[in-house]
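The exercises below are meant to be worked with the sequence and the structure side by side. Try each task before reading its solution.

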Amino acid sequence: MDQAYKLRTLVDSAQPPQPRQRMTGPRVIAVTSGKGGVGKTSLVVNLGLTLARKGQRVLLFDADLGLANIEVMLGVTPPYTLYEFLYGDKSMEEVVYSAPGGLQVISGGSGIHELAHLDSTQRQRILELLPFLRARTDFVLVDTGAGISKNVLGFVSAAEEVVLVITPEPTSLTDAYSLIKVLAKFKVHSEARLVVNRARDEQEARQAATKLQVVCNRFLDFNLSYLGTILEDEVVGQGVKEQQPFVLSKPSSSVSRSLNLLADCLIEGKDCSPQAADMFINRLLRLFR
Ligand SMILES: Nc1ncnc2c1ncn2[C@@H]1O[C@H](COP(=O)(O)OP(=O)(O)OP(=O)(O)O)[C@@H](O)[C@H]1O
Ligand SMILES: [Mg+2]
């Protein structure tokens, strides 16, 4: 018995690791916040680059109409946006452009406004996004604007997963709570994951997260789990100014290591639903009708 047991453990330990289950569609994650300027775009860009370095095929979807957007942070100029895809004769391959670090990016541009009044031809065009997403991406990260506008809520509702960004400032917490209240009240989502950005230290980040988690538990039926912290660090602002995301220009900085942890948690934390891309596209069409 003893010998057989030893053999079995030996054989078991010699087994090659099981390959991760092949994804049949991408994970679609909306990155959002209650208050503006808390670091969503910076997170989307640097997280996207980190996931790409880990071999994931990442598409960044810029759904924010703001100025400091993804292409500015990456230092690239998109030849076309979602608008040309909807109203022009541009194909998906022409509209999705390649950015540094192996990223694929699609810029909503003024196409985001147009989502509210699409005719049947353009709705059909939106559905054509699906095969592209299914075949070419593992992660779709959607950079939404801040707050509870129709646009933001539309993208947040359409995405299967939500990452909520806060800073430890009280106004960021109260605005985040207002957003969660809407998500919970209208049963848009019953859970989200929290990233605390610009904290002085881990303790300050945990305190901010706990405050929000406590009120979400007590007053709303909403599960807010903790995804991670990014500390206040000047390399983030430098990266924005120089259009060189910090995970590329300062790969060994503490914030880059935090992004590495965040990316690992995202990759390992959840099984992918094969329907996430379908859900995203179909809900966008329904919600922006
Ligand atoms: N961890 C950090 N440390 C230092 N500065 C940071 C950090 N995160 C973000 N910033 C600064 O905050 C600014 C705003 O970040 P970002 O544009 O990513 O926010 P946002 O939430 O996307 O804003 P908006 O709501 O306007 O879209 C950046 O230009 C950067 O200088
Ligand atoms: Mg932004």
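**Exercise 1. Describe the shell around ligand 1 by class, and then by place.**

Begin with the classes: in this predicted model, the shell around ligand 1 is made up of 9 polar, 6 nonpolar and 5 charged residues. Next, turn to the residues themselves, of which 20 surround the ligand, the closest being Gly36, Gly39, Thr41, Ser42 and Gly237. Finally, ask which elements supply two or more residues to this shell, and the list is helix H2 (40–53), strand E7 (191–199) and helix H12 (234–241).

**Exercise 2. Find how confident the prediction is, and where a stretch of low confidence lies.**

Start from the chain as a whole, which has an average pLDDT of 87, with 89% of the residues scoring at least 70. Then look at residues 3–22, where the pLDDT is below 50 and where the model shows 0 contacts beyond near neighbours in sequence.

**Exercise 3. Work out the strand order of the open sheet, and identify its edges.**

The sheet is open and holds 8 strands, and reading across it gives the order E3-E4-E2-E5-E1-E6-E7-E8, with mixed pairing. The two ends of that order are the edge strands, E3 (97–99) and E8 (223–231), each of which pairs on one side only. As for the twist, neighbouring strands are turned against each other by 25° on average, with direction ignored.

Now take one pair from the interior of the order: strand E1 (residues 27–33) and strand E5 (residues 139–146) run parallel and are joined by 6 bridges. Within this pair, Ser33 is found opposite Ala146 of E5.

**Exercise 4. Place helix H11 against the sheet, and then against helix H10.**

First consider the sheet, on which helix H11 (residues 202–219) packs by touching strands E6 (161–166), E7 and E8, while its direction makes about 150° with that of E7.

Second, consider the neighbouring helix. Two packed helices are described by the angle between their axes and by the distance between those axes. For helix H10 (residues 170–185) and H11, the angle is about 30° and the axes lie 11 Å apart, and the crossing of H10 and H11 is right-handed.

Third, list the residues that make the contact: H10 contributes Leu173, Ala176, Tyr177 and Ile180, whereas H11 contributes Ala208, Lys211, Leu212, Val215 and Cys216. Sorting the contact of H10 with H11 by class gives 8 nonpolar residues, no polar ones and 1 charged residue.

Conventions
Residues numbered from 1 in each chain as written. Chains lettered and ligands numbered in written order. Predicted model: local features only at pLDDT ≥ 70, side-chain atom pairs only at ≥ 80, totals over all residues. Near = placed C-beta within 6 Å. Helix = DSSP H or I, 4+ residues; strand = E, 2+ residues; numbered from the N terminus. Nonpolar A, V, L, I, M, F, W, Y, C, P; charged D, E, K, R; others polar. pLDDT = per-residue confidence, 0-100. Contact = placed C-beta atoms within 7 Å. Pairing = 2+ DSSP bridges. Axes fitted to C-alpha atoms, helices over the stretch in contact; angles between N-to-C directions. Left-handed = near helix turned anticlockwise from the far one by under 90°.
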